[in-house]
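Here are a few short exercises to work through with the model open beside you. Try each task yourself before reading its solution.

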Amino acid sequence: SSGINAEYGGERIDGATVKADDMVCGKIKYVEGQIAYKVGCRSDTVEHTVVSSITIEAGEGQLLTLCEVKVMSDPRVEIDDVEHLVNLAYGKPASQSSTAWGGVAERGNDGHEVARYAG
């Protein structure tokens, strides 16, 4: 599953699509006051999937501001066994289509779950 922290400008998360390679995992629906969103990505036809890329695309006409993205998994345990999940995105290469206010892509998976940073 992917965890997304959208504390700052949270309404911009509305309609964002989460993909694992080419498979659409789901769309995010903004909920006022909610700062974290969880999107599961399971296949009805395959028990285990190896994914090389997670993509989060802004909704139609939206700008997207993300504070932290986590990809939580552990293929050795059941998906609902959250005690053993690890963040596979932490410190991995990240990219984005544009940058504002010094918010480089690497800040999206650096383990710091704060909406504001000293840039």
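**Exercise 1. Decide whether Thr-55 is buried, partly exposed or exposed, and describe its surroundings.**

Solution. Keep in mind that you are working with a predicted model.

- Step 1: Start with the cut-offs: buried means under 20% relative accessible area, and exposed means over 50%.
- Step 2: The relative accessibility of Thr-55 is 27%, so this residue counts as partly exposed.
- Step 3: Now place the residue in the fold: Thr-55 belongs to strand 5.
- Step 4: Leaving aside residues up to four places away in sequence, Thr-55 touches Thr-17, Val-18 and Lys-19.
- Step 5: Look also at Asp-22, which is 33 residues from Thr-55 along the chain; the C-alpha atoms of these two are separated by 8.9 Å.

**Exercise 2. Is Thr-17 buried or exposed, and which residues does it touch?**

Solution. One of the contacts from Exercise 1 now becomes our subject.

- Step 1: Thr-17 sits in strand 2.
- Step 2: Its relative accessibility is 8%, and anything under 20% is called buried, so Thr-17 counts as buried.
- Step 3: Again without residues up to four places away in sequence, the contacts of Thr-17 are Val-24, Gly-26, Lys-27, Thr-55, Ile-56 and Glu-57.

**Exercise 3. Work out the order of the strands in the open sheet and find which strands are at its edges.**

Solution. Follow the pairing from strand to strand.

- Step 1: The open sheet is formed by three strands in the order 3-2-5, with antiparallel pairing.
- Step 2: Strand 3 (23–27) and strand 5 (54–57) are the edge strands, since each pairs on one side only.
- Step 3: From one strand to the next, the twist averages 20°.
- Step 4: Zoom in on strand 2 (residues 17–20) and strand 3: they run antiparallel and are joined by four bridges.
- Step 5: For a landmark here, find Val-18, which stands opposite Gly-26 in strand 3.

**Exercise 4. List the residues of the largest nonpolar core and name strands that supply at least two of them.**

Solution. Val-18 is a good place to begin.

- Step 1: Val-18 is one of eight residues in this core; the full set is Ile-13, Ala-16, Val-18, Ala-20, Cys-25, Ile-28, Tyr-37 and Val-39.
- Step 2: At least two core residues come from strand 2, and at least two from strand 4 (36–39).

**Exercise 5. Find the disulfide and explain why it is called left-handed.**

Solution. Cys-25, a member of the largest nonpolar core, leads us there.

- Step 1: The structure holds one disulfide, and it joins Cys-25 to Cys-41 with an S to S distance of 1.8 Å.
- Step 2: The torsion about this S-S bond is about -65°, so the disulfide is left-handed.
- Step 3: Cys-25 lies in strand 3, while Cys-41 is in the loop between strand 4 and strand 5, so the pair ties together parts that are 16 residues apart in sequence.
- Step 4: Cys-41 has 28% relative accessibility, so Cys-41 counts as partly exposed.

**Exercise 6. How many helices and strands does the protein chain have, and what percentage of its residues count as buried?**

Solution. Step back and view the whole chain.

- Step 1: There are seven strands and zero helices, which gives the pattern β-β-β-β-β-β-β along the sequence.
- Step 2: The chain has 119 residues, of which 23% count as buried.
- Step 3: The accessible surface of the chain comes to about 8,300 Å², and 51% of that belongs to carbon and sulfur atoms.

Methods: Residues numbered from 1 in each chain as written. Predicted model: local features only at pLDDT ≥ 70, side-chain atom pairs only at ≥ 80, totals over all residues. Heavy atoms only, no water. Pairing = 2+ DSSP bridges. Axes fitted to C-alpha atoms, helices over the stretch in contact; angles between N-to-C directions. Core = buried A, V, L, I, M, F, W, Y, C linked by side-chain atoms within 4.5 Å. Buried < 20%, exposed > 50% of the residue type's maximum accessible area, 1.4 Å probe, protein only. Disulfide = S-S within 2.5 Å. Contact = heavy atoms within 4.5 Å. Areas by Shrake-Rupley, 256 points an atom, 1.4 Å probe, with all protein chains shown as cover.
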